[in-house]
Amino acid sequence: MEQQKNPQVQPLGLKKIVSYVSGNVGSTLMNAIASGFIAYYLTDILRISPEQEGITVLVGSILAIVVSFLFGIVLDRTVSDRGKGGIWVRRLFIPFVFFGIVLYAIPDSLPTNTKFILATVLYFVYIAIFNSYKAAYTAMAPNITQDPKSRGTLSMQNMVWGMVIGIIVNNFLLTIVEKLGGGHKGFLYTAILFVAVGSIFSLYFLFTSKEEIREDRAKQKKARNRSLFADIKGLAANKYWILMTLAGVAFSCWFGSFMGSQTYFAIYVLNDPGKIGLLFTASTVPGIISMFVFGPIMAKFGRRKVILATGACSMIGFLLMIFGVSNFPVFFVGLLIRGFFAGPYQGCENGLLNNTVEYGEWKNGFRQEGMISMACSTIKSVFSAIMSGCVGFILAATGYEAGVAQSATALFGIKLLYLYLPMFFCILTYICVFFYRLEDEYPQILAELKNHKGNE
């Protein structure tokens, strides 16, 4: 009964859900080219060498990760009547729009080395702004509501629409580029189009979303004087944040290995390049469907139990893929099963992470919305970058040669990346979720926090 009297733990209405999810739709559209086509743009459109492209992306990403982590520290020390995340989303919106276009406006006429240096600088600035913008956006979620079901809904809807946009972009972006003139001009106009459409969703979010849960001014000012050591100590004491970060790292490695080897698997194992799009679609669409199927079930039985049950079922899919690799219908059924039962974790990951904000406040006496989001994102980004590099290293170590019939060891290397490593990382992900018991403890933690604030 006490929970129902507290408006902060009431389920969010449809308008607030649509508002918050619109922010993710907008930023995903604005980041569409950079997320999946930056390498193609740099090498085939801007005409810098593959080695320079690798340096641009690697250096830009590493520097951006450092800046983003520092931004998380600033975010937690922000004092504002508009909340911690909301004020920074507004401040970063215009730079996000500006560099989201300028990155694709580098003149063709410049010398190659000049384009390389300019691209590296602009990519670093853009990624740093994008990561910071997303961190501020993500930090708003735990301050919009403390209702676990609503947080799960926000996380699931963001994942669903992010995957839908990913499918659309991967299938139609290059066609849009050609329709808008092709080449450099087509990419620039496409960037303007995506940023313009994404801005409409983002502006709706900016004007309609509001953070309801805020620390009082005294605590906000005290947070400004909190040392970095205290922040790190607070994260280290938050066992559920550690579990969700480890789960996120495992899932990022799972996804990175799987997606990074998808093209090679279709060409050299399935011997059919035309199946690349089919593999991508079969990996994503079932997950979208399952989020809607399991949503009501998770609301009744709890997210952790459903995630663990579906995780066990996803193993069936992996096994069918492994043992049916020479029989495509069996393999494809396994791929669909694996994709379908991976959906609940993907949809709930951010929601489970957001709940660790209250656990950390209960454990340490202060909230860490920014650090919890940014530190987790930073660690995941580092391991994702390492996994991306490992794709090339494993292929090289097993004797892969481009454009020729592959040896047995090279084929094993491709299968290792596409089948065996993802299954291994999948198991690690669900082991972490098994030990995540915050869902049962959360109502009592909220009650104690409310009681403590009432006595201050």
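**Entry 1. Loop residues with positive phi**

I began with N271, which sits in the loop between α13 (262-269) and α14. The model I am reading is a predicted one. N271 has a positive phi of about 55° and is not a glycine. I noted the sign because most residues other than glycine have a negative phi. I then asked whether N271 is buried or exposed. Its relative accessibility is 60%, so N271 counts as exposed, the cut-off being over 50%.

I looked up R47 next and found it in the loop between α4 (38-45) and α5 (50-76). R47 is a residue other than glycine, and its phi is positive, near 65°. With 59% relative accessibility, R47 counts as exposed.

I also recorded G365, which comes just after α17 and takes a positive phi of about 90°.

**Entry 2. Helix α17 and its salt bridges**

I listed the buried residues of helix α17, which spans residues 356-364: they are T356, V357, E358, Y359, G360 and E361. Two of these, E358 and E361, carry acidic side chains, and I asked which residue the side chain of E358 meets in a salt bridge. The partner is R367, at 3.1 Å from N to O. E358 and R367 are both buried. Salt bridges with shared partners join E358, E361 and R367 into one network.

**Entry 3. R226**

I located R226 in the loop between α10 (217-224) and α11 (228-237). R226 counts as buried because its relative accessibility is 13%, and the cut-off for buried is under 20%. Leaving aside neighbours within four places in sequence, I found R226 in contact with D76, R77, D231, F366, R367 and Q368. R367 therefore appears in my notes twice, as a contact of R226 and, under the salt-bridge definition, as the partner of E358. I also took the C-alpha separation of R226 and F340, which is 44 Å, with their positions 114 residues apart along the chain.

**Entry 4. Other salt bridges**

I asked how many salt bridges the structure holds, and the count is 5. In one of them, the side chains of R303 and E439 meet at 3.4 Å, N to O. This pair links distant parts of the chain, with R303 in helix α15 (residues 303-323) and E439 in helix α20, 136 residues apart. R303 is buried, with a relative accessible area of 6%, whereas E439 counts as partly exposed at 24% relative accessibility.

I also recorded the salt bridge between the side chains of K380 and E349, at 3.1 Å, N to O. Here helix α18 (residues 369-397) supplies K380 and helix α16 (residues 328-354) supplies E349; the two are 31 residues apart and link distant parts of the chain. K380 and E349 are each buried.

**Entry 5. Second largest pocket**

I noted that the second largest pocket holds about 550 Å³ of space. It is lined by 26 residues, of which P148, K149, M298, A299 and R303 are the closest to its centre. Helices α8 (148-179), α14 (276-301) and α20 (438-454) each give at least two residues to this lining. R303 thus lies by the pocket centre and also bridges to E439.

**Entry 6. Nonpolar surface patch**

Last, I looked up a nonpolar patch on the surface, formed by F424, I427, L428, I431, F434 and F435. Together these residues have about 530 Å² of accessible area. One of them, F434, lies in helix α19 (residues 408-434). F434 is partly exposed, with a relative accessible area of 39%.

Note on methods:
Residues numbered from 1 in each chain as written. Predicted model: local features only at pLDDT ≥ 70, side-chain atom pairs only at ≥ 80, totals over all residues. Heavy atoms only, no water. Buried < 20%, exposed > 50% of the residue type's maximum accessible area, 1.4 Å probe, protein only. Helix = DSSP H or I, 4+ residues; strand = E, 2+ residues; numbered from the N terminus. Contact = heavy atoms within 4.5 Å. Patch = residues over 30% accessible without salt bridge, like charges linked within 9 Å, V, L, I, M, F, W, Y side chains within 5 Å. Areas by Shrake-Rupley, 256 points an atom, 1.4 Å probe, with all protein chains shown as cover. Salt bridge = Lys/Arg side-chain N within 4 Å of Asp/Glu carboxyl O. 1 Å grid on protein atoms, 1.4 Å probe; cavity = no way out; pocket = protein on both sides within 12 Å on 5 of 7 lines; lining within 4 Å. Points joined across faces, edges and corners; volume = space filled by probe spheres on them.
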